[in-house]
Amino acid sequence: MRLFGVGGPTVRTELSVSRAKPGGRFKGTVEVTGGDHQVAIGYVALALVADVGVEGGLPGRVSAVEFHRQRVVEGFTLAARERRVFDVVCDVPLETPLTRAFGQQLAGMKVGLRTELEVAREVDRTDEDPVEIDPTPAQQHILDTLVKLGFQFVKADLERGRLRSLPQTLPFYQEIEFLPGPAYAQHLRHLEATFVTTDRKLHVVLELDRRVGLLADRDIFGRFTVDPATLADTDWKGLLGDWLTQSTTPRRGPLL
């Protein structure tokens, strides 16, 4: 009981780099301070956690989900009152959800870096620091394209589940919601963008919530693959604009 109670060891992380892109790294130091007795430290680990909701669940019903974890310090003996400081880095997975874009925090997003200290098979997870995730250049390009098409960012959230036919590895996905501009407001309620990033491609899913009658499909999905190496060679504003026009143009004639 005294391992992490009064007189037990404590751990604290100080981040020198707390803002990164997917595929990047956080950097900092971990300070472990001994209590009133010598202990054997099993390891120190860093874990990324995010607030995730459930699709179709009640608003505000979220839980913290750990989606990446790595040991940064292996076992050592810590004397009473001894202070040890370690330089550490934590990788940022490519599918890490964004917390910043458009020069602002994304409303609804919370990602943290949790420090774990293991002693005698007991783990202390009390130290957690907020971190910020910026878009990759490819993600930023698609977001900027939507803004150029008149869409306005509203909020973002994480939903537990998996998307079909995509190389998703995390147990949740991010939805970045936009309101339509004047060109699409008559036909759309909102648009949601989701990114699934791999080491070679950016997979983009766009969901349109359309203003339609009872007999028509309200939601339409579009899936696109972006090659970051040839990003500048593609007219994404033209391609997405054409797809949006086709998807929002009322179909005439009898239903088949």
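Phe178 is buried, with a relative accessible area of 0%. The model in which this residue sits is a predicted one. Phe178 belongs to strand β13 (residues 172-179), while Phe102 lies in the loop between β7 (100-101) and β8 (104-105). Unlike the buried Phe178, Phe102 is partly exposed, with a relative accessible area of 27%. That value falls in the partly exposed class because buried requires under 20% and exposed requires over 50%.

The rings of Phe102 and Phe178 have their centres 6.0 Å apart and their planes at 90°, so the pair is edge-to-face. The class follows from the angle, because planes over 60 degrees apart count as edge-to-face. The two residues are 76 residues apart in sequence, so their pair ties together a loop and a strand. Phe153 joins Phe102 and Phe178 in one aromatic cluster.

The structure holds seven aromatic pairs. One of them is formed by Phe76 and Phe86, with 5.2 Å from centre to centre and 50° between the planes, and this pair is tilted. Phe76 lies in strand β5 (residues 62-78) and Phe86 in strand β6 (residues 83-91), so here the pair ties together parts that are 10 residues apart in sequence. Both Phe76 and Phe86 are buried.

An aromatic ring also takes part in a contact with a charge. The charged end of Arg71 sits over the ring of Tyr43, at 4.1 Å from the centre of that ring.

The next topic is enclosed space. Rolling a probe the size of a water molecule over the atoms shows where empty space is left. The count comes to one cavity of 30 Å³ or more. The largest cavity has a volume of about 130 Å³. Its lining is made up of 15 residues, and those nearest the centre of the cavity are Glu95, Thr96, Pro97, Gln174 and Phe195. The elements that give two or more residues to this lining are β13 and β14 (188-197). Strand β13 is also where Phe178 of the edge-to-face pair lies. By residue type, the lining of the largest cavity divides into nine nonpolar, five polar and one charged.

The last stop is Ser247, which is placed in helix α2 (residues 236-248). Ser247 is buried, with a relative accessible area of 7%; this counts as buried because the value is under 20%. Leaving aside neighbours within four places in sequence, Ser247 is in contact with Leu208, Arg210 and Ile220.

Technical notes. Residues are numbered from 1 along each chain as its sequence is written. This is a predicted model: local features need pLDDT of at least 70, side-chain atom pairs count only at pLDDT 80 or more; totals for chains, interfaces and linings use all residues. Side-chain values use heavy atoms; hydrogens and water are left out. Rings of Phe, Tyr and Trp (its six-membered ring) pair if their centres lie within 6.5 Å; planes under 30 degrees apart count as stacked, over 60 as edge-to-face and the rest as tilted. Helices (H or I, at least four residues) and strands (E, at least two) are DSSP runs, numbered from the N terminus. Buried means under 20% relative accessible area, exposed over 50%, partly exposed in between (1.4 Å probe, protein chains only). A charge sits over a ring if NZ of Lys or CZ of Arg is within 6 Å of the ring centre and within 35 degrees of the ring normal. On a 1 Å grid over the protein atoms alone, a cavity is a set of points where a 1.4 Å probe fits but cannot get out, and a pocket is an open set with protein on both sides within 12 Å along at least five of seven lines; lining residues have an atom within 4 Å of a point. Grid points are joined across faces, edges and corners, and a volume is the space filled by probe spheres set on the points. Ala, Val, Leu, Ile, Met, Phe, Trp, Tyr, Cys and Pro count as nonpolar, Asp, Glu, Lys and Arg as charged, and the others, Gly among them, as polar. Contact means heavy atoms within 4.5 Å.
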